[in-house]
Amino acid sequence: MMQVPSNIFILDTKPSKYLPSCMVVRGIMSVCTGFTTNFFGALCTRFLIGFVEGGVLSWSSFLNR
């Protein structure tokens, strides 16, 4: 779901700034998962982590070549 918008967005930015910022946001969201107190909060933070990971997944396979 996030791979296409990520590919469009990365045309305007440098991958050297975009990928680390996505990973920092993923780390922040992972920490926020620890502070959730109910199932809905955990579900929302997990969705946002997946949303950020979708943008990184397509580019991480490109960098491994």
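A residue is called buried when its relative accessible area is under 20%, exposed when it is over 50%, and partly exposed in between, as judged with a 1.4 Å probe and with protein chains only. By this scale Phe 47, at 48% relative accessibility, counts as partly exposed. The structure is a predicted model, in which local features need pLDDT of at least 70 and side-chain atom pairs count only at pLDDT 80 or more, whereas totals for chains, interfaces and linings use all residues. Residues are numbered from 1 along each chain as its sequence is written, and side-chain values use heavy atoms, with hydrogens and water left out.

The secondary structure of the chain consists of three helices and zero strands, where helices (H or I, at least four residues) and strands (E, at least two) are DSSP runs numbered from the N terminus. Read from the N terminus on, the order of elements is α-α-α. Of the 65 residues of the chain, 23% count as buried. The chain exposes about 4800 Å², and carbon and sulfur atoms supply 72% of this area; accessible areas come from the Shrake-Rupley method with a 1.4 Å probe, and for residues only the protein chains shown count as cover. With contact taken to mean heavy atoms within 4.5 Å, 62% of the contacts between residues at least 6 apart in sequence join residues at least 24 apart.

In soluble globular proteins, nonpolar side chains tend to be buried together. A nonpolar core is defined here as a set of buried Ala, Val, Leu, Ile, Met, Phe, Trp, Tyr and Cys residues joined through side-chain atoms within 4.5 Å. The largest such core has six residues in all, namely Ile 10, Tyr 18, Leu 19, Cys 22, Val 52 and Val 56. Helices α2 (15-34) and α3 (39-63) each supply at least two residues of this core, and α2 gives the most, with three residues. One of the core residues, Val 52, is in contact with Cys 22, Val 25 and Arg 26, when its neighbours within four places in sequence are left aside. For another core residue, Val 56, the C-alpha atom is separated by 7.9 Å from that of Met 23, although the two residues are 33 residues apart along the chain. Met 23 itself lies in helix α2 and is partly exposed, because its relative accessible area is 40%.

Arg 26, which is in contact with Val 52, also takes part in a charged pair. A salt bridge is counted when a side-chain nitrogen of Lys or Arg is within 4 Å of a carboxyl oxygen of Asp or Glu, and by this rule the count comes to one. The side chains that meet in this salt bridge are those of Arg 26 and Glu 53, at 2.5 Å from N to O. The pair links distant parts of the chain, since Arg 26 is in helix α2 and Glu 53 is in helix α3, 27 residues apart. Arg 26 is partly exposed, with a relative accessible area of 29%, and Glu 53, at 26% relative accessibility, also counts as partly exposed.

Further contacts involve Met 29 and Thr 33, of which Met 29 is placed in helix α2 and Thr 33 is likewise placed in helix α2. Met 29 counts as buried because its relative accessibility is 15%, whereas Thr 33 is partly exposed, with a relative accessible area of 31%. Beyond its neighbours within four places in sequence, Met 29 is in contact with Thr 45, Leu 48 and Ile 49, while Thr 33, on the same basis, is in contact with Thr 45 and Ile 49. From C-alpha to C-alpha, Met 29 and Thr 45 are 6.2 Å apart in space and 16 residues apart in sequence; for Thr 33 and Thr 45, 12 residues apart along the chain, the separation is 5.8 Å.

On the surface, Met 1, Phe 47, Leu 48 and Phe 51 make a nonpolar patch of about 440 Å². Patches are made of residues with over 30% relative accessible area and no salt bridge, like charges being joined within 9 Å and nonpolar side chains (Val, Leu, Ile, Met, Phe, Trp, Tyr) within 5 Å. Phe 47 is found in helix α3, and Leu 57 has its place in helix α3 as well. Leu 57 is exposed, with a relative accessible area of 53%.
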